[in-house]
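Biologist: I am new to this structure and would like a close look at a single part, the surroundings of the ligand. Please take me through that part slowly, and then place it within the rest of the protein.

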Amino acid sequence: MKVLLLGGTGEARELAKVLVEAGVDAVSSLAGRTTDARLPVGRVRSGGFGGADGLAGWLRAHPVDAVVDATHPFAARMTANAAAAATSVDVPLLVLRRPGWTASPGDHWHWCDAPEDAAARLPSLGSRAFLTIGRQGLDTFENAGIWMLARCVDPPEPRPAWCELILACGPFALSDELAVMRDHTIDVLVTKDSGGPQTSAKLAAARELGLPVLIIRRPPLPAGPETVESVDEAVQWVMRASHSSST
Ligand code: NAP
């Protein structure tokens, strides 16, 4: 059983470990843009494929029994390319997406459709913002007209002069998030609906401090591929695909 695992997330690393330990020949694919990428267990390839056609070409040259797209919920281009390539090569595709976050009592969340929407609404909610959306889409906030602190894993290029920058990689503890927000007198948080426990402490911190949160909705999933929310379900799907490919 050979599987191409589109990764770049904790779930993808977890899935690679379970599959390799179960004897599956899993090749993890990474975009290769993060300097300290934590490598998954098993075989790894790195770098873009060259769009949907490039991925289809890769799949023809390296036949696999199944593809699992375990990329980040906001990696919409890779997810769309995987759906198109899997259809054109006729290989089973599963999308593994962790559930999004849901508000708890005491939260003041404002849902936005895109970073542009969040940037336009930001000045009406606060004057000192904590941007936790990564480096992609950061430029959208340049002219929001308020003081901003941005947190990214790698520095944006060029380094923005219009905000303060913290370089840090999760997971983040509640005490650390409270300290960052208090130290910088943050009065509004901006985030994407990434979901998962690794980066959710900022939401608990905002709740505790009574701060409003601008939360950017996920891009829609392509119609067609089966979708699961947990690594366990993805393992079961791969094992079922393994049975069908061997019969
Ligand atoms: P994206 O916008 O959907 O993808 C941009 C391009 O990067 C794709 O078209 C593809 O290039 C290449 N790419 C993306 N993921 C790849 C993978 N796993 N293997 C090989 N090539 C890949 O994705 P993104 O938002 O830039 O994210 C890039 C990677 O970082 C993803 O693997 C994702 O899981 C991870 N990540 C993203 C975020 C986020 O907030 N977006 C957060 C944490 C981790 P080609 O078209 O040339 O094939």
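Modeller: What follows goes from the shell around the ligand to the two domains, and then to a few details of the backbone.

Please keep in mind throughout that this is a predicted model. In this model 23 residues surround the ligand, and the closest of these are Gly7, Ser29, Arg33, Phe49 and Lys192. Sorted by class, the shell around the ligand is made up of 12 polar residues, 7 nonpolar residues and 4 charged residues. Two elements that each supply at least two residues of this shell are strand E2, which covers 25–30, and helix H3, which covers 76–89. Of the elements contributing to the shell, H3 gives the most, with 4 residues.

Turning to individual polar atoms, a backbone N or O atom of His72 is found 2.9 Å from an oxygen atom of the ligand. For Ala76, a polar backbone atom is 3.4 Å from an oxygen atom of the ligand, while in Asn81 an N or O atom of the side chain lies 3.5 Å from a ligand oxygen atom. As for how much of the ligand is covered, the ligand taken alone exposes 800 Å², and the protein buries 82% of that.

The wider setting can be described through the domain assignment, which gives domain 1 as 2–99 together with 221–245, and domain 2 as 108–216. The centres of these two domains, taken over C-alpha atoms, are separated by 29 Å. Where domain 1 and domain 2 are in contact, 10 residues come from domain 1 and 12 residues from domain 2. Between them the two domains bury about 780 Å², and 46% of this area is on carbon and sulfur atoms. On the side of domain 1, the residues that lose the most area to domain 2 are Arg33, Arg38 and Phe74, which together account for 50% of what that side buries. Arg33 therefore appears twice in this account, since it is also listed among the closest residues to the ligand.Some details of the backbone complete the picture. The peptide bond from Glu157 to Pro158 is cis, with omega near -5°, and Pro158 is placed in the loop between strand E8 (147–152) and strand E9 (164–167). Another cis peptide bond joins Gly170 and Pro171, with omega about 5°, and Pro171 lies in the loop between E9 and helix H5, which covers 174–183. Asp90, although it is not a glycine, has a positive phi of about 60°, and its place is in the loop between H3 and strand E5 (93–96).

Notes
Residues are numbered from 1 along each chain as its sequence is written. This is a predicted model: local features need pLDDT of at least 70, side-chain atom pairs count only at pLDDT 80 or more; totals for chains, interfaces and linings use all residues. Side-chain values use heavy atoms; hydrogens and water are left out. A residue is near a molecule or strand if one of its heavy atoms lies within 4 Å of it. A polar contact is a pair of N or O atoms within 3.5 Å; within protein, one must be able to donate a hydrogen and the other to accept it, and residues adjacent in sequence count only if both atoms are side-chain atoms. Accessible areas come from the Shrake-Rupley method with a 1.4 Å probe; for residues, only the protein chains shown count as cover. Ala, Val, Leu, Ile, Met, Phe, Trp, Tyr, Cys and Pro count as nonpolar, Asp, Glu, Lys and Arg as charged, and the others, Gly among them, as polar. Domain bounds come from an automatic or database domain assignment. Contact means heavy atoms within 4.5 Å. Buried area is the accessible area (1.4 Å probe) that two parts lose on being put together, summed over both.
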